[in-house]
Amino acid sequence: IASIFVERRIREGKGLQDVRLKGHTVVCGWNSHADSVLDGLEAENPGTPVVLVCGIEPERFDAIKAAHPGLDLRFVRGDHTQEAVLRKASVQQCSSCLLLPDETGGSGVSNADERTILAALAVKSMSRETTVRAAILKADSEQHLRRAEVDDVILHGEFTGFLLSASSDDGGLPGAARELLSFSSPARLRQRSMPAALVGKTFAEAADWFVRSGAGVLVGVLAKEKPVTLDDILSRSEEHTSELQSRITIS
């Protein structure tokens, strides 16, 4: 029995063992900014199970895991565009999947966006309910990810020009943006569910409640509807046909 557990631990360390989790986060790909992504997950959801899927060496994963003790970090080594590899990470059972431009592939970042698109299609085919967020290097790639029904797309360096050109001679704008977007800042932007007591209230009333309760400063309200898919249309058509048939039978 001990040898079985030892072998399993060795396989997990090498990224060869199937991960059996549910409601976890899957991070696909690795690059120089991936550590900050894990920092964010560690700051916002400490202790959350995270599965890293990429082609790094097992020794490097050991160093990454040691650098993030606040995460329950697992490892699956392989190509995240392959459905078999994603299944080893239990993508079909995860709550969210983050796709990063991968530097561990054979050709580096030269085709990173193409691999991200393939991975997004594979994840959505396995679980349409999974929230998928993707980072890309080329603006042209966004349209393909939107067609794949990716929930959020972030373009690398998208706001660099704005921060450099919109800042006045007195400066301050890049620093303010850093304060809002840094995980180490107490004034960083956060997203939370709207309290039930504020449903139906005006924005001014909601903003006043947040300030008075000490919960923060309300800067916006996000309302997101689930996109209508072909499956939804077909299921509604079947329901309508069934209802029509029942009415004809009753008549």
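# Salt bridges and strands around β5

Visitor: What is the relative accessible area of E142?
Guide: This is a predicted model, and the residue falls in its partly exposed class. That class lies between buried, under 20%, and exposed, over 50%. For E142 the relative accessible area is 30%.

Visitor: Which residue meets E142 in a salt bridge?
Guide: The partner sits 4 residues away from E142 in helix α6, a separation of about one helical turn. The partner counts as partly exposed, at 40% relative accessibility. The two side chains meet with N to O at 3.2 Å, and the partner of E142 is R146.

Visitor: Which residues are joined into one network by salt bridges that share partners?
Guide: A side-chain nitrogen within 4 Å of a carboxyl oxygen is what the rule asks for. Where such bridges share partners, they form one network, and its members are D79, D102 and R115.

Visitor: How many salt bridges does the rule give?
Guide: Side chains of opposite charge can pair when their charged atoms come close. The pair E142 and R146 is one example, at 3.2 Å. By this rule the count comes to 11.

Visitor: How many residues apart in sequence are the parts that R77 and E57 tie together?
Guide: R77 and E57 are joined by a salt bridge, at 2.9 Å from N to O. R77 belongs to strand β3, while E57 is in the loop between β2 and α3, so the pair links two separate parts of the chain. Their distance in sequence is 20 residues.

Visitor: Which of R77 and E57 has 43% relative accessibility?
Guide: R77 counts as partly exposed at 34% relative accessibility. The residue at 43% also counts as partly exposed, and this is E57.

Visitor: Where does K138 lie?
Guide: K138 is partly exposed, with a relative accessible area of 39%. Strand β5 covers residues 131-136 and helix α6 covers 142-147. The place of K138 is the loop between β5 and α6.

Visitor: With which residue does K138 form a salt bridge?
Guide: Leaving out residues up to four places away in sequence, K138 touches D113, E114 and L155. The C-alpha atoms of K138 and D113 are separated by 7.2 Å, with their positions 25 residues apart along the chain. The salt bridge of K138, with its closest N and O atoms 3.0 Å apart, is with E114.

Visitor: In which helix is E114, the salt-bridge partner of K138?
Guide: K138 and E114 form a salt bridge. K138 is in the loop between β5 and α6, so the pair ties together parts that are 24 residues apart in sequence. E114 counts as partly exposed at 36% relative accessibility. The helix that holds E114 spans residues 112-126 and is α5.

Visitor: Which side chains of β5 are buried?
Guide: Side chains alternate along β5. T131, R133 and A135 point to one face and are not buried. Those that point to the other face and are buried are V132, A134 and I136.

Visitor: Which residue in β5 is the bridge partner of L99?
Guide: Strand β4, residues 96-99, runs parallel to β5, and 4 bridges join them. The partner of L99 in β5 is A134.

Visitor: Which residue in β6 is the bridge partner of A135?
Guide: β5 and β6 (residues 152-155) run parallel and are joined by 4 bridges. With α6, these strands make a right-handed β-α-β unit. In β6 the partner of A135 is I154.

How values were computed:
Residues are numbered from 1 along each chain as its sequence is written. This is a predicted model: local features need pLDDT of at least 70, side-chain atom pairs count only at pLDDT 80 or more; totals for chains, interfaces and linings use all residues. Side-chain values use heavy atoms; hydrogens and water are left out. Contact means heavy atoms within 4.5 Å. Buried means under 20% relative accessible area, exposed over 50%, partly exposed in between (1.4 Å probe, protein chains only). Two strands pair if DSSP finds at least two bridges between them. A crossover is right-handed if, with the strands pointing away from the viewer, the path from the first strand over the helix to the second runs clockwise.
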